[in-house]
Amino acid sequence: MNRSLARAPPQSGEPLPDLCPAHEDTDQIGTTVKIRKNLAARTLGIGAAAAACLMLTTGVAEAGSFGPKAMVDTNGVKRGTAQFVANGDTLTVCDTRADGFAPKVSVYYANTNTLVWRVTANLGKGFCVKSSKNLGERTRYDFWATGLNQRLYVGTAG
C-alpha cells in the first residue's frame, strides 16, 4: 500500500483519497472527536450557567446579612454577639458574660436618629433573644451595639 500524498485534486463526483491508511474508518474517528468536543462545550456551558445562577441567588438573598459578630466594650471585652439574617429579617442578640450587662442592638434608618427596632438579650449569660421585623429591602439601616458605641453593620436589609 504505497500511497503518495501529492495527488491531483479529485474530479467532481470522485471520492476523496484516503490519507489516513492506518484508520480505515476516518469518518467514525472524526465524528467521535466532534461528539467529544460538543459534549465538553455543553458541559462547560451548563456548569457556567449553574455557577452564575448560584451566585445571583445567593448574593441577592443574603446581601444584608451579618454575623454572628462580637459586641465588645472599649476595653476589648466581649459582652455578647449579634447576628442578622436578611432572609426573614431576623435579629439575634446573645449575652456571653455574667456581668449584669444586657447586650442590646438598636437599628436606625441610615444617617438619621430614627429608631426602627431594638433587641435586648436580657435573660443572662448564655441566653439569646431572637426577634423578627419586616424591614424594607432597599432601605439602608445602621445596626448599633447600644451602650458600647459600636457599629455592627450599615447597609440594606435584603
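From the N terminus on, the elements of the chain run α-β-β-β-β-β-β-β-β. That gives one helix and eight strands. The model is a predicted one. Its average pLDDT is 76, and 60% of the residues score at least 70. Two stretches fall lower. Residues 1-5 stay under a pLDDT of 50, and the model has three contacts for them beyond four places in sequence. Residues 49-62 are also below 50, with five contacts beyond near neighbours in sequence. Where pLDDT is low, predicted coordinates should not be read in detail.

The chain has 158 residues, and buried residues make up 24% of them. Its accessible surface comes to about 10700 Å². Carbon and sulfur atoms account for 56% of that surface. Among contacts in the chain with a separation of 6 or more, 43% link residues 24 or more positions apart.

The strands were then examined by sheet. Strands of a sheet pair through backbone hydrogen bonds, either parallel or antiparallel. In one open sheet, four strands follow the order E1-E2-E3-E6, and the pairing is antiparallel. E1 and strand E6 (128-132) stand at the edges. Each of these two has a single partner strand, so one side of each is left without a neighbour in the sheet. From one strand to the next, the twist averages 15 degrees. E1 and E2 run antiparallel and are joined by five bridges. Within this pair, Lys69 stands opposite Ala82 in E2.

Strand E1 also holds Pro68. A cis peptide bond joins Pro68 to Gly67, with omega at about 5 degrees. In general, most peptide bonds are trans, and most residues other than glycine have a negative phi.

A further open sheet of four strands has the order E5-E4-E7-E8, with antiparallel pairing. Its edges are strand E5 (115-120) and strand E8 (150-156). Each edge strand has a single partner, so one side of each lacks a neighbour in the sheet. Neighbouring strands of this sheet are turned by 15 degrees against each other on average, direction ignored. Strand E4 covers residues 104-109 and strand E7 covers residues 140-146. Six bridges join these two antiparallel strands. Lys104 has Thr146 in E7 as its bridge partner.

Several loop residues stand out in this part of the chain. Asn111 is found in the loop between E4 and E5. Its phi is near 65 degrees, a positive value in a residue other than glycine. Exposed means a relative accessible area over 50%, so Asn111, at 75%, counts as exposed. Asn113 lies in the loop between E4 and E5 as well. Asn113 is exposed, with a relative accessible area of 75%. The C-alpha atoms of Asn113 and Asp142 are separated by 9.8 Å, with the two residues 29 apart along the chain. A positive phi is also found at Asn149, near 50 degrees, again in a residue other than glycine. Asn149 has its place in the loop between E7 and E8. With a relative accessible area of 68%, Asn149 is exposed.

The interior was considered next. The largest nonpolar core has 21 residues. Phe84, Leu91, Val105 and Phe143 are the residues with the most contacts inside it. Seven strands each supply at least two residues of this core: strand E1 (66-72), strand E2 (78-85), strand E3 (90-95), E4, E5, E7 and E8. Leu91 shows how contacts gather around one of these residues. Residues up to four places away in sequence are not counted for Leu91. Beyond them, Leu91 touches Phe84, Val105 and Phe143. Val107, Trp117, Val119 and Val129 are also among its contacts. Leu91 further touches Gln83, Lys130 and Ser131.

Key
Residues numbered from 1 in each chain as written. Predicted model: local features only at pLDDT ≥ 70, side-chain atom pairs only at ≥ 80, totals over all residues. Heavy atoms only, no water. Pairing = 2+ DSSP bridges. Axes fitted to C-alpha atoms, helices over the stretch in contact; angles between N-to-C directions. Buried < 20%, exposed > 50% of the residue type's maximum accessible area, 1.4 Å probe, protein only. Core = buried A, V, L, I, M, F, W, Y, C linked by side-chain atoms within 4.5 Å. Contact = heavy atoms within 4.5 Å. pLDDT = per-residue confidence, 0-100. Areas by Shrake-Rupley, 256 points an atom, 1.4 Å probe, with all protein chains shown as cover.
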